[in-house]
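Colleague: Before I plan anything at the bench, could you walk me through how this model is put together?

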Amino acid sequence: KRVFVAYTGIDMSEAADEIGSYASLEDLFVRTLKPGARRVEPEPTAFVSPVDGMVGAFGTVESGTLFQVKGRSYQLSRLLDDPSEAERYEGGQYCTIYLSPRDYHRIHAPISGVVSKASVIPGALMPVFTEAVEKVEELFARNERLISYVDSADAGRVAVVKVGATLVGRMTVPYDSSLRTNQRNQSRMERTYDPPHLIQKGGELGAFELGSTVVLVAEPGRLKLKDLREGQSVLMGESIGTVTAR
């Protein structure tokens, strides 16, 4: 554990516990932070980063298409494994955020709302480092995914797509212990919740081991992203856009 922390540059001063208290590397990867280590932007219209990470591709869903990187696209219907759900996001904004091994690995809600639907999509566990994202066709839509749909009065439905990767097959969510990835004979799972699960902006929405990728997709006319740039570092709770209620 100490070698891994030193090699990756994890900032243990932010961690809620001392390194010796983690029973395994997995526990270390999904560590919690000290109270106050992250500020969740309180402005009601702020759409915040759900993770610590690096901004990848972002923009507008056009003809059902998103970009992994410039020049390499993929279909939203394949990412969500749900063509009818994908249609609601045509013309909406999306943003991809990559997590590295040194990053904090819990995922939080970008807005306040309710989780009314979630799904697990089986797939591969290919690496998602820069070279792979640049060369592998539809990588995010081929890897295993766990998707939380957050419904908000002002922001509409936001898809928070958690993408697995090599050594990051296990993803979990706090609102449903039965919804897990990387299980033997993994099958597609879909859940709807009635009543739905209430979640506040910045509330915990899931966790992955080691590091991977989150893709955020919003309905058209509901989100205006800030002037982001590829490679920009963001922290969980930092505003990356503005909710523009219709």
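What follows is a short exchange on the sheet, the aromatic rings and one charge.

Modeller: This is a predicted model, in which local features need pLDDT of at least 70 and side-chain atom pairs count only at pLDDT 80 or more, while totals for chains, interfaces and linings use all residues. Residues are numbered from 1 along each chain as its sequence is written, and side-chain values use heavy atoms, with hydrogens and water left out.

Colleague: Which are the edge strands of the open sheet?

Modeller: Strands are DSSP runs of E with at least two residues, helices are runs of H or I with at least four, and both are numbered from the N terminus; two strands pair if DSSP finds at least two bridges between them. Eight strands, antiparallel in their pairing, follow the order S11-S7-S8-S9-S13-S5-S2-S15. Pairing on one side only marks the edge strands, S11 (189–199) and S15 (233–234).

Colleague: Which residue in S15 is the bridge partner of Gly 53?

Modeller: Strand S2 (residues 53–60) pairs with S15 in the antiparallel sense over two bridges. In S15, Gly 53 has as its bridge partner Val 234.

Colleague: How many residues apart in sequence are the parts that Tyr 98 and Phe 140 tie together?

Modeller: Rings of Phe, Tyr and Trp (its six-membered ring) pair if their centres lie within 6.5 Å, and planes under 30 degrees apart count as stacked, over 60 as edge-to-face and the rest as tilted. Tyr 98 and Phe 140 form a tilted pair, 6.2 Å centre to centre with 50° between the planes. Because Tyr 98 lies in strand S5 and Phe 140 in helix H6, the pair ties together parts whose separation in sequence is 42 residues.

Colleague: Over which ring does the charged end of Lys 117 sit?

Modeller: A charge sits over a ring if NZ of Lys or CZ of Arg is within 6 Å of the ring centre and within 35 degrees of the ring normal. The charged end of Lys 117 lies 5.2 Å from the centre of the ring it sits over, that of Tyr 149.
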